[in-house]
Amino acid sequence: MTQPLSPPAVASFNLWREPWIRVLDRNGGRRTLSIEEVLLQAHALKAFYDPSPLTVAGVHRLLAAILQAIYAPRDLAAIGDVLDEPQFDAARIRAFGEQFGERFDLFHPIAPFLQTGDVPLVGWRKPERPKGKQAAANDQGSVFEQDTAEQPAAAVPSKIEPKTIAYLLEEVPAGTNRTHFRHVTDDDHHLCPACCARSLITIPAFAKSGGAGIKPSINGVPPVYLLPVGDTLFHSLTLSLVAKNYRPAVVDETRQTAAWDGATTVPRSGELTAVGYLESLTFPARRVRLFPAFDAGPCTQCGQVSPIRVKEMLYEMGWSRPKQAPLWKDPFVAYRKPAKAKADEAPTPLRPGQGKALWRDYSSLFLADADLQPGLVRQMTGLIEQGIVAPNQRVRFRCIGMKTDGKAKVFEWLDDALNVPTALLRDERGAAAVREALSRAEEVARTIRFIFTRHMNPERGGKQEHFLGIRARMDDDYWTALALPFRDLINTAATMEAVDRARDTWARIILEHAQRAFDAALEQLGDRADMLRRRVEAHTHCRNVLFKHRRDWSLE
């Protein structure tokens, strides 16, 4: 039976010293290390690894924040100095650990990491109200007094209705959703401290709306995060350091606190207008307190046996920014202007689109105007111009996001990698060719969709669901066929003398695949006499329109 923690038994799991971060070494081997070990060995490690890409993004941003605090780069030259070193400075890392290491304990009595410390580990639960004849006697306070005997009265402002630890896991239904989608009870979830940590660190980046009063984190509805990928974790994390000129314009430079040296409590439904950069990377969007128990057994998330498991927690709305606060432009996020935006309307973060491959947003991610580009991409351009990064180098970004309905529903997560030849960041001619290529592809997609709808409209006979399903498959076939050619386009367009050839080759490819996808959709419509006539008319119409595109684009 689960035994709640009580003195003298004290739970502890220190993220600075205990292994919990999954990584790949340079030979592809999997290891689990502490924060200190990852930073000291980053030059010998390849990448972060975790079944959940949200955890990868959370770990990356947390370690980037720690390194930002250790090195505090003010300009690009300072980042270049770190890149010139073979590894991170061990003396600085150990000094940071000596100063702040204790603040990384998940179960610290008054300063738990990324949680609120004003809720005790003992005496937090609301007493159950017995039914029947014993209710009156127990209502005299005996249960409450016994539960709080070891805590000062002021330490327990109110009793808590705990929530299941499953609320930390975006991929696991919790509350009423568990009945509809998973058919398990909340009692089935018991997480080890390492899995608690892996989920807890996703809150600053991915906390979403969740009902009345539950607001998203600092970036609003979770956007796509771009994480630099280098040859080693040392390079990936160093390229994630942000110089002063590339941080959010509204950052409050006087606030230099983060989860390891800031306030030890998180208010319920508090609002922050002024936010520091380090503070933003560990933004406490939820008021959390994990309640560990000495309950040895397997973790229901990773399967590892642990002497301490967590089943319940406090989970409430924490900090948010007020609606009237100016836009927070995260350096890891791209922004775009709405299609019909007003002149004074603020841009919005680029978010995963339902059924839309991320490469279709390549222009917004990397080739947009400077005020819409991610700060890290603009900074990369500056590093190239100053000779800190080689101009012929290819940069890769791991792009991680979570597709939602803008509110509480989560459809899937996104995890993709996109290459960016540095020449495209410097050569406007190549960048313009890529933007034009994507614009043409979207135009052709709209064209074949319009023609298909015009000729095969179910109002002329047929089932609506059948028509919509075939049209959706046509769209998918078209865009799927273009994914690999687009990557070839990026590589070719980065070579100045090949820009025109790349543009023409791409144009021919999209017209060819558009006709193929359209004809394949027609084949699925059946061979009734009336349908055969409509299919012939649609095929001829599509061929003529695509031929006009070919002529307008001077491809003959």
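1. Pro292 stands opposite Val310, a residue of strand 9. The pairing behind this is antiparallel: strand 8 (residues 286-298) and strand 9 are joined by 11 bridges. The model is predicted.

2. Strand 8 and strand 9 form a hairpin with six residues between the strands. In this hairpin, Gly303 takes a positive phi near 85 degrees.

3. Strand 9 spans residues 305-317 and is mostly covered, with 10 of its 13 residues buried. Strand 9 also runs antiparallel to strand 5 (residues 163-164), to which two bridges join it. Opposite Met313 of strand 9 stands Lys163.

4. A separate point concerns an open sheet. Three strands make up this open sheet, in the order 3-2-4 and with antiparallel pairing. Strand 3 (30-33) and strand 4 (45-48) are its edge strands, each pairing on one side only. From one strand to the next, the twist averages 40 degrees.

5. Within that sheet, strand 2 (residues 21-25) and strand 4 run antiparallel and are joined by three bridges. Asp25 stands opposite Leu45, which belongs to strand 4. Helix 2 (residues 53-71) lies across strand 2 and strand 4, and runs at about 120 degrees to strand 4.

6. Where does Ala368 lie? Its place is the loop between helix 12 (362-367) and helix 13 (375-385). Leaving aside residues up to four places away in sequence, Ala368 touches Ser363 and Gln373. Arg336 is 32 residues from Ala368 along the chain, and the C-alpha atoms of the two are separated by 8.3 Å.

Note on methods. Residues are numbered from 1 along each chain as its sequence is written. This is a predicted model: local features need pLDDT of at least 70, side-chain atom pairs count only at pLDDT 80 or more; totals for chains, interfaces and linings use all residues. Side-chain values use heavy atoms; hydrogens and water are left out. Buried means under 20% relative accessible area, exposed over 50%, partly exposed in between (1.4 Å probe, protein chains only). Helices (H or I, at least four residues) and strands (E, at least two) are DSSP runs, numbered from the N terminus. Two strands pair if DSSP finds at least two bridges between them. Contact means heavy atoms within 4.5 Å. Axes are lines fitted to C-alpha atoms, for helices over the stretch in contact, and angles run from 0 to 180 degrees between N-to-C directions.
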